[in-house]
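This report concerns the packing of one helix, the internal spaces and the salt bridges of a single protein chain. The sequence and the coordinates are shown below.

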Amino acid sequence: MIIFDFDGVISDSLAVCRGACQRAAKQQNSPLILETNPFRHLNPLTFEALAAELGLNASRFAQDVAHYMHDQANHIPFFGGIKTAVATLSRQYRLFIVSASHSETIRIQLQRHGMTEHFEAILGGNIPGSKTDKIAELQRTWQLRAIVVGDSASDIMAARACGALSIAVSWGWQSQYCLQAQQPTTLIHAPGDLPFTVSSMAG
């Protein structure tokens, strides 16, 4: 099975997510102005973790971000080449999404881009448990070893904790240096590289 993170891997949502977080901070009367990429060193890469770093109420912050992202879901682009790569992989493997974003917001984006049918299940941030918990549960349920595709240090760490392989992608929210420090199974630089990379790892 292939388990994808969503934001920064499939969805090119950094600017919209940054705006949602800025808005959520303002809702708590915070005067802070977020940097262009407030997620670049965050570990774990979750909205709750960002709220904690900013000294804000984490639960309220995550809820406010989720509401704004839901409202913007039909305006968020996907990375070039990802639709073809996912469609190619879905013909041979079972695909899943595990993400900090709300499941329904992810579904809206996938539907808009005609990609819903490629995924067996979406486990968003609205579902209890850490990314590690969710990857482990998918492996137990499907009795398949996972390859995790992510753009953050915490994606790679979650994969390793579950005994899964990991593909780090350099087009996402965290730098190649940050990703390589966690020693992913492999690192790729374009969505078009995914099918061959997965095939070579799956044997």
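What covers the buried residues of H9? The model is a predicted one. In helix H9 (residues 194–202), the buried residues are Leu194, Pro195, Thr197, Val198 and Met201. They span an arc of only 165 degrees around the axis, which means that they lie on the same side of H9. The cover over these buried residues includes strands S1, S5 (165–169) and S6 (186–188), together with helix H4 (82–90) and S4.

**Cavity and pocket**

One cavity of 30 Å³ or more is found when the whole structure is searched. The largest cavity holds about 30 Å³ of space, and its lining consists of Ile3, Phe4, Asp5, Val98, Lys131, Val148, Val149, Gly150 and Asp155. Two elements, strand S1 (2–4) and strand S4 (147–150), give two or more residues to this lining; S4 gives the most, with three residues. By class, the lining of the largest cavity comprises five nonpolar, one polar and three charged residues.

The largest pocket encloses about 560 Å³ of space. It is lined by 30 residues, of which Thr46, Glu48, Ser99, Ala100 and Gly125 are the closest to its centre. At least two lining residues each come from helix H2 (47–54), helix H3 (58–72), helix H6 (131–142) and helix H7 (153–161). The greatest contribution to the pocket lining is that of H3, with four residues. The lining of the largest pocket divides into ten nonpolar, 13 polar and seven charged residues.

**Salt bridges**

The count of salt bridges comes to seven. Three of them are listed here.

| Pair | Closest N to O distance |
|---|---|
| Lys131 and Asp5 | 3.0 Å |
| Arg60 and Asp64 | 3.9 Å |
| Arg94 and Glu120 | 2.8 Å |

The salt bridge between Lys131 and Asp5 links distant parts of the chain, with Lys131 in helix H6 and Asp5 in the loop between S1 and helix H1 (14–27), 126 residues apart. Asp5 counts as buried at 8% relative accessibility, whereas Lys131 is partly exposed at 21%. Arg60 and Asp64 both belong to helix H3 and are four residues apart, about one turn of the helix. Arg60 is partly exposed, with a relative accessibility of 38%.

The side chains of Arg94 and Glu120 form a further salt bridge. This pair also links distant parts of the chain: Arg94 lies in the loop between H4 and strand S2 (95–98), and Glu120 in the loop between helix H5 (103–112) and strand S3 (121–123), 26 residues apart. Both partners are partly exposed, Arg94 at 37% and Glu120 at 40%. Finally, salt bridges with shared partners join Asp5, Lys131 and Asp155 into one network; Asp5, Lys131 and Asp155 are also among the residues that line the largest cavity.

How values were computed. Residues are numbered from 1 along each chain as its sequence is written. This is a predicted model: local features need pLDDT of at least 70, side-chain atom pairs count only at pLDDT 80 or more; totals for chains, interfaces and linings use all residues. Side-chain values use heavy atoms; hydrogens and water are left out. On a 1 Å grid over the protein atoms alone, a cavity is a set of points where a 1.4 Å probe fits but cannot get out, and a pocket is an open set with protein on both sides within 12 Å along at least five of seven lines; lining residues have an atom within 4 Å of a point. Grid points are joined across faces, edges and corners, and a volume is the space filled by probe spheres set on the points. Ala, Val, Leu, Ile, Met, Phe, Trp, Tyr, Cys and Pro count as nonpolar, Asp, Glu, Lys and Arg as charged, and the others, Gly among them, as polar. Buried means under 20% relative accessible area, exposed over 50%, partly exposed in between (1.4 Å probe, protein chains only). The arc is that of the directions from the helix axis to the C-beta atoms. Contact means heavy atoms within 4.5 Å. A salt bridge is a side-chain nitrogen of Lys or Arg within 4 Å of a carboxyl oxygen of Asp or Glu.
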